[in-house]
Amino acid sequence: MYYQNLRGLHWNINGKHFFELHVKFEELYNDVQLKIDLVAERILTLGFSPLHTFSDYLKKSSIKEGKNISDAKTAVQLVVSSLQTIILLERAILKTADKLNDEGTNTMLTDFITQQEKEIWMYSAWLKH
Ligand SMILES: [Fe+2]
């Protein structure tokens, strides 16, 4: 859901911040695309089956659809709130991974969280302008 929202933000953004945010949202969705694949393949590695259909995403996602967002501030707020939601989910998974001594999942999520916290800091700083 976050990935597809980012595509929409990249396409629909307009106004004086178009050039910077159009590029930034592309950077974000390219990075998220890699993460989606890492998560899915980690799930497979552990012997489970990752969700891959839009109907399941709509049912399971904690992130709401962002539709036709063209305003820069609204777009960046959606990025920040989505990252905050994702980090909460990752922290919950970390607790389970800890209990199960699942270092692989732990390392992957720790790296994600470190990067996402930095993204929250940067996009929140942008919002202060
Ligand atoms: Fe593009």
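A crossing is left-handed if the near helix is turned anticlockwise from the far one by less than a right angle. With that in mind, here are some notes on this model, which is a predicted one.

1. **Helix 1 against helix 2.** Helix 1 passes helix 2 in a left-handed crossing. The two elements, residues 2-12 and residues 18-45, pack at an angle of about 160°, and their axes are 9 Å apart. Angles over 145 degrees count as roughly antiparallel, and helix 1 and helix 2 are therefore roughly antiparallel to each other. On the helix 1 side, the contact is made by Y2, Y3, L6, R7, L9 and H10. Helix 2 contributes H22, F25, E26, L28, Y29, V32, Q33 and I36. Sorted by class, the residues of this contact between helix 1 and helix 2 are nine nonpolar, three polar and two charged.

2. **The buried side of helix 1.** Which residues of helix 1 are buried? They are Y2, N5, L6 and L9. These residues cover an arc of only 100° around the axis, so they sit on the same side of helix 1. As background, an α-helix has 3.6 residues a turn, so residues three or four places apart point the same way. The buried residues of helix 1 pack against helix 2 and helix 4, the latter being residues 72-99.

3. **Helix 1 against helix 4.** Here the packing angle is about 170°, and the axes of helix 1 and helix 4 are 11 Å apart. That angle makes helix 1 roughly antiparallel to helix 4. The residues that meet are Y2, N5 and L9 in helix 1 and A75, L78, S82 and I86 in helix 4. By class, this contact of helix 1 with helix 4 has five nonpolar and two polar residues, and no charged ones. You may like to look at Y2 and L9 in particular: both take part in the contact of helix 1 with helix 2, and both also meet helix 4.

4. **Helix 2 against helix 5.** Helix 2 also passes helix 5 in a left-handed crossing. How far apart are the axes of helix 2 and helix 5? They are 11 Å apart, and the two helices pack at an angle of about 165°. Helix 2 is therefore roughly antiparallel to helix 5. K35, L38 and R42 in helix 2 meet G104, T105, M108 and F112 in helix 5. The residues of this contact of helix 2 with helix 5 fall into three nonpolar, two polar and two charged.

5. **N30, an exposed position in helix 2.** N30 lies in helix 2. A residue is exposed if 12 or fewer other C-beta atoms lie within 10 Å of its own. N30 has 11 such neighbours within 10 Å, so N30 is exposed. The C-alpha atoms of N30 and L6 are separated by 9.5 Å, with their positions 24 residues apart along the chain. L6, by contrast, is one of the buried residues of helix 1.

6. **Two asparagines worth a check.** Most residues other than glycine have a negative phi. N68 has a positive phi of about 55° although it is not a glycine, and N101 likewise has a positive phi of about 55°. Where are they? N68 is found in the loop between helix 3 (54-60) and helix 4, while N101 is found in the loop between helix 4 and helix 5 (103-127). N68 is exposed, with 7 other C-beta atoms within 10 Å. N101 counts as exposed too, with 7 C-beta neighbours inside 10 Å.

7. **K73 and K128.** K73 lies in helix 4. Is K73 buried or partly exposed? K73 is partly exposed, with 13 other C-beta atoms within 10 Å. The C-alpha atoms of K73 and K128 are separated by 9.8 Å, although the two residues are 55 residues apart along the chain.

8. **G47 in its loop.** G47 has its place in the loop between helix 2 and helix 3. With 6 other C-beta atoms within 10 Å, G47 is exposed. G47 and F19 are 28 residues apart along the chain, and their C-alpha atoms are separated by 43 Å.

How values were computed: Residues numbered from 1 in each chain as written. Predicted model: local features only at pLDDT ≥ 70, side-chain atom pairs only at ≥ 80, totals over all residues. Axes fitted to C-alpha atoms, helices over the stretch in contact; angles between N-to-C directions. Helix = DSSP H or I, 4+ residues; strand = E, 2+ residues; numbered from the N terminus. Parallel < 35°, antiparallel > 145°, perpendicular 65-115°, else oblique. Contact = placed C-beta atoms within 7 Å. Nonpolar A, V, L, I, M, F, W, Y, C, P; charged D, E, K, R; others polar. Buried ≥ 20, exposed ≤ 12 C-beta atoms within 10 Å, placed from the backbone. Arc of directions from axis to C-beta.
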